[in-house]
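Student: I have a chain to look at and some labels to understand. Can we go through them one by one?

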Amino acid sequence: MPADPRHIAGRAAEDAALAHLVDAGLELVARNHRCRFGEIDLVMLAAGTLAFVQVRLRRATAYGGAAVSVDAGKRRRLALAADAWLGENRAHARQPCRFDVVAVTA
């Protein structure tokens with residue numbers, strides 16, 4: 001069965017985002033962590049701060065583009081997923097955290 005073109009495009013955007021973040025000096029801690037609240041695309045470490053990164057790909061900007069697609073519900077689910085990740089990864093539980101969005105328009 002052929003792969004879904006949207007999945008392939010999303011994975012390529014995520015790969016590009018990861019390469020960009022690594023080039024900027026961040027270190028990959030985890031990728032595609034799934035839990036009951038959703039998925040965290042990337043967990044990166046930047047100078048002692050954990051960055052929970054959501055990668056969003058949109059082909060057009062007619063409805064506001066990739067960044068706008070991270071609405072309040074998505075932000076809430078991302079925060080819950082990050083909390084779950086921290087609960088599973090106790091070594092990072094006391095580190096400062098932030099939430100980043102990498103918006104890609106193709």
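Tutor: Start with a definition: a residue is buried under 20% relative accessible area, exposed over 50%, and partly exposed in between. Keep in mind that this is a predicted model.

Student: Why is alanine 93 called partly exposed?

Tutor: Alanine 93 has a relative accessible area of 31%. Partly exposed covers the range between 20% and 50%, so alanine 93 is partly exposed. Alanine 93 belongs to the loop between helix 3 (72–88) and strand 4 (97–105).

Student: How far apart in space are alanine 93 and arginine 75?

Tutor: From C-alpha to C-alpha, alanine 93 and arginine 75 are 20 Å apart, with their positions 18 residues apart in sequence.

Student: What about cysteine 35 and tryptophan 85?

Tutor: Cysteine 35 and tryptophan 85 are 50 residues apart in sequence, and their C-alpha atoms are 8.1 Å apart in space. Cysteine 35 is part of strand 1. Leaving out residues up to four places away in sequence, cysteine 35 touches Ala81 and Ala84.

Student: Why is asparagine 32 called buried?

Tutor: The relative accessibility of asparagine 32 is 18%. The cut-off for buried is under 20%, so asparagine 32 counts as buried. Asparagine 32 sits in strand 1 (residues 27–35).

Student: What makes the pair of asparagine 32 and glutamate 14 a polar contact?

Tutor: The two side chains make that contact at 2.9 Å. A polar contact needs a pair of N or O atoms within 3.5 Å, one able to donate a hydrogen and the other to accept it. The value of 2.9 Å for asparagine 32 and glutamate 14 fits that limit.

Student: Which residues are in contact with asparagine 32, leaving aside neighbours within four places in sequence?

Tutor: They are Arg11, Glu14, Glu39, Ile40 and Asp41.

Student: What is phi of asparagine 32?

Tutor: Phi of asparagine 32 is near 55°, which is positive, and the residue is not a glycine. Alanine 47, also not a glycine, has a positive phi of about 50°.

Student: Is alanine 47 buried or exposed?

Tutor: Alanine 47 has 88% relative accessibility. Exposed means over 50%, so alanine 47 counts as exposed. Alanine 47 lies in the loop between strand 2 (38–46) and strand 3 (49–58).

Student: How many helices and strands are in the chain?

Tutor: The chain has three helices and four strands. Along the sequence their pattern is α-β-β-β-α-α-β.

Student: How do you know that the chain is as compact as a globular protein of that length?

Tutor: The radius of gyration is 14 Å, and the globule rule gives 13 Å for 106 residues. The two values are close, so the chain is as compact as a globular protein of that length. Along the principal axes, the C-alpha atoms fill a box of roughly 40 × 35 × 30 Å.

Student: What share of the residues in the chain is buried?

Tutor: Buried residues make up 39% of the 106 residues. The chain exposes about 6600 Å², and carbon and sulfur atoms supply 54% of that area.

Note on methods. Residues are numbered from 1 along each chain as its sequence is written. This is a predicted model: local features need pLDDT of at least 70, side-chain atom pairs count only at pLDDT 80 or more; totals for chains, interfaces and linings use all residues. Side-chain values use heavy atoms; hydrogens and water are left out. Helices (H or I, at least four residues) and strands (E, at least two) are DSSP runs, numbered from the N terminus. Buried means under 20% relative accessible area, exposed over 50%, partly exposed in between (1.4 Å probe, protein chains only). The radius of gyration is taken over C-alpha atoms; the globule rule is 2.2 Å times the number of residues to the power 0.38. Accessible areas come from the Shrake-Rupley method with a 1.4 Å probe; for residues, only the protein chains shown count as cover. Contact means heavy atoms within 4.5 Å.
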